[in-house]
There are 2 protein chains.
Amino acid sequence: MALDPKTRKPTIYDIARICGVSGATVSRVLSDSGYPVKEAVRARVVAVAKEVGYTPNAIGRMLRRRESADIGVVLPNLSNPYFTSVLLGLETEAHRLGYNVLLASSFRDPETEARSLRMLATKQVAGAIVSLTRPDANLLKDLQSGGIAIVTFDQVVEGLKCSRVEFDFEAAGKLAVAHLHALGHRDIAFASSPIDRPSRRSLQRGFLEGLAAFGIPGGEHRIFLGTSEAEGTEGYEVENGRRLAGRLAGRSPRVPTAVFAANDVTAFGLIQGFAALGVRVPDDVSVLGFDDLPFSAWVTPALSTIAHPAFETGAAAMRLLSDALREPGKVTVERFAPRLVPRASCAPPAPWKAPQGGTT
Amino acid sequence: MALDPKTRKPTIYDIARICGVSGATVSRVLSDSGYPVKEAVRARVVAVAKEVGYTPNAIGRMLRRRESADIGVVLPNLSNPYFTSVLLGLETEAHRLGYNVLLASSFRDPETEARSLRMLATKQVAGAIVSLTRPDANLLKDLQSGGIAIVTFDQVVEGLKCSRVEFDFEAAGKLAVAHLHALGHRDIAFASSPIDRPSRRSLQRGFLEGLAAFGIPGGEHRIFLGTSEAEGTEGYEVENGRRLAGRLAGRSPRVPTAVFAANDVTAFGLIQGFAALGVRVPDDVSVLGFDDLPFSAWVTPALSTIAHPAFETGAAAMRLLSDALREPGKVTVERFAPRLVPRASCAPPAPWKAPQGGTT
DNA sequence: CTGAAAGCGCTTACAG
DNA sequence: CTGAAAGCGCTTACAG
């Protein structure tokens, strides 16, 4: 315990001095370099390190080695359970692979997003996994040319070469319409928070294409979007759904017979909003969600929805990043397809009403 | 663009060379030091920095300044929505205060937990916000003596001086029993995943004290705990609840009339498990949750529960940490109290059955 | 097997 | 207002 005055944290040189060896030797022992060191010396160094409570300084090491085990993660919004599940998948895989996660929620603000990206560059992260509200190829290219590997998910950034996890949002939109159409619906609406991300845009496009495929005219009377700017706060999505239910229920001359919600949470809001107005789901209107969150199977009516594999998306993104880190320049695309999960919130429209499905 | 051979990232010295000034001057300009620099020089430096695409290296700066804006966060389990909400509160406040979050989920493994803590020390974080599966005062004291501020939540670590966000779990357990007792229940059980954290222990203690206060004998036939070691995986809690429902339903000579679940997700599992066995909630058995997750108000029957403010806990923890960083040694304790949120999953026991409450 | 020395990118007394 | 120099804690050719 022969340390300096002001309870300074011991460094490699403190240990070196105590052991009567050079800093280089201590470094070789303590960094598991595999470099040969006489066994007696090694033992002494390890013992002294322990005795003085030595903690390696990763900053010093990083500066010297110019490498990092940190991965930046930029998500639009932690209050949406979808992203929370992505994060869980990411974190699980990161842990398995030995990476640390630097989290940066953008709160759906492009400014914050850009700042987070720059912050990550500043921190010299090895790579970043991002889902952007306002994809900016130049910003991401800057990171890449700074040696930072990028992986995106749920979006392809125009003009950027990088690995990504794709999801076919357009197919999801079509699948939604197909399901509702098969149930007998012809007057189908789309409910969403503002279309501020490409994934939403694709979903909406798929929805419209789905309508077109069945000869159903699209148009503004089918599209119900949130206007609030209070996004990113907990409960925004569900509240938006509640409000949209009011607008849907008030549409003249008549209420749509089915609604496709841009995510499960919005669907919950719709169902609640409808209930408050005495509109029954699925008796009066069918509600189809998107995401298949874990608890979507627990609500009543159990939510019919389109599965969007969240955990798997996060885990896959982390794996792709790890691959890209191991093999710079490697670009891989992993694709997930939508899958229909029919439950109880969708049923044939009133005239042809068939018995409801079970709740469990 | 007069940079070195191998597309090395430009440093302060590259800019200095191009501008014909010293590195010190460039640093003064680019680090917003407030140090006086001739305006013409300043402008030139800024322009060149932009031109060469300079990105400050936070590692170099951290090593020199010995300070960090990183905060470590150690959570037991991201698959539990409670912690997810805590994280959201934390992250929101961290963003507001200008800190970056280094995330480390322990997956409920004490080894992983200890490793994460050491990793954070290594990374020279300014502080850490932790909820530990196996609280270890020595481990945390080591961080503190290394200059890292610690804030805990939902637990007080024996023998550790630090700011913390407390929650009165014992009172929550008592409140649960009081509510169920007031409804007429006398045969009340407790259902939980393994009691591996002090908070769970306190909740259970409160439950038992609550029983005792009403002269209801405790005992093993009232305590139903998960045995699985598959904790930390998504869906563990709900699956555990489903399994426990089976054990509860099969208890002889008779099924309890009410169950207090250690968290809302377990309660969902219970309700599902009961439903699968034809046991109705609340008609045959009342289920009371704990947490009041956002979606607990959306399920059917709407979950009666005890509120445990998650977002607020995370935000408060971050604020306390910020205070402690600003004023080293400052120890503050912020307390949250449990609050009953009666909904539809609890009702008087069968014999005295009264009309059910509404679902919304 | 060991050490002296340079250097990772930055900041900051110190001297002018 | 500016610069030379030292140093944050570490690693790693290089020489022995």
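**Reading a protein–DNA model**

Guide: In this predicted model, a polar backbone atom of B:Arg64 lies 3.1 Å from a base oxygen of DNA strand D, and that contact is a good place to begin.

Visitor: Which elements give two or more residues to the surface near DNA strand D?

Guide: From chain A they are α1 (12-19), α2 (23-30) and α4 (58-65), and from chain B they are α2 (23-30) and α4 (58-65). With five residues, α4(A) gives the most to this surface.

Visitor: Which residues come nearest to the strand, and how much of what they meet is sugar and phosphate?

Guide: There are 29 residues around DNA strand D, and those that come nearest are A:Ser27, A:Tyr54, A:Arg64, B:Thr25 and B:Arg28. Of the strand's atoms that come within 4 Å of the protein, 59% belong to sugar and phosphate. Two phosphate contacts can be looked up in the structure: a polar side-chain atom of A:Ser27 is 2.6 Å from a phosphate oxygen of DNA strand D, while a polar backbone atom of B:Lys38 is 2.7 Å from a phosphate oxygen of that strand.

Visitor: How many residues of each class does the surface near DNA strand D have?

Guide: Sorted by class, this surface has 14 nonpolar residues, seven polar ones and eight charged ones.

Visitor: Where does a charged side chain lie over the face of a ring?

Guide: In chain A, A:Arg28 lies over the face of A:Tyr35, at 4.5 Å from the ring centre; in chain B, B:Arg28 lies over the face of B:Tyr35, also at 4.5 Å from the ring centre.

Visitor: Turning to rings that pair with each other, how many aromatic pairs are found over all chains, and why is the pair of B:Phe207 and B:Phe260 called stacked?

Guide: The search of the whole structure finds 19 aromatic pairs. To judge a pair, one looks at the angle between the ring planes, and planes under 30 degrees apart count as stacked. The planes of B:Phe207 and B:Phe260 are at 25°, with the ring centres 6.5 Å apart, so this pair is stacked. The pair joins distant parts of the chain, since B:Phe207 belongs to helix α9 (residues 198-213) of chain B and B:Phe260 to strand β8 (residues 258-261) of chain B, 53 residues apart.

Visitor: Are B:Phe207 and B:Phe260 buried or exposed?

Guide: Both B:Phe207 and B:Phe260 are buried. Elsewhere, ring pairs link A:Phe268, A:Phe295, B:Phe268 and B:Phe295 into a cluster.

Visitor: Finally, which domains does the assignment give for chain A?

Guide: The assignment gives domain 1 (12-56), domain 2 (70-167 + 310-338) and domain 3 (169-307). The C-alpha centres of domain 1 and domain 3 of chain A lie 63 Å apart.

Conventions. Residues are numbered from 1 along each chain as its sequence is written. Chains are lettered from A and ligands numbered from 1 in the order in which they are written. This is a predicted model: local features need pLDDT of at least 70, side-chain atom pairs count only at pLDDT 80 or more; totals for chains, interfaces and linings use all residues. Side-chain values use heavy atoms; hydrogens and water are left out. Domain bounds come from an automatic or database domain assignment. A residue is near a molecule or strand if one of its heavy atoms lies within 4 Å of it. A polar contact is a pair of N or O atoms within 3.5 Å; within protein, one must be able to donate a hydrogen and the other to accept it, and residues adjacent in sequence count only if both atoms are side-chain atoms. Helices (H or I, at least four residues) and strands (E, at least two) are DSSP runs, numbered from the N terminus. Ala, Val, Leu, Ile, Met, Phe, Trp, Tyr, Cys and Pro count as nonpolar, Asp, Glu, Lys and Arg as charged, and the others, Gly among them, as polar. Rings of Phe, Tyr and Trp (its six-membered ring) pair if their centres lie within 6.5 Å; planes under 30 degrees apart count as stacked, over 60 as edge-to-face and the rest as tilted. Buried means under 20% relative accessible area, exposed over 50%, partly exposed in between (1.4 Å probe, protein chains only). A charge sits over a ring if NZ of Lys or CZ of Arg is within 6 Å of the ring centre and within 35 degrees of the ring normal.
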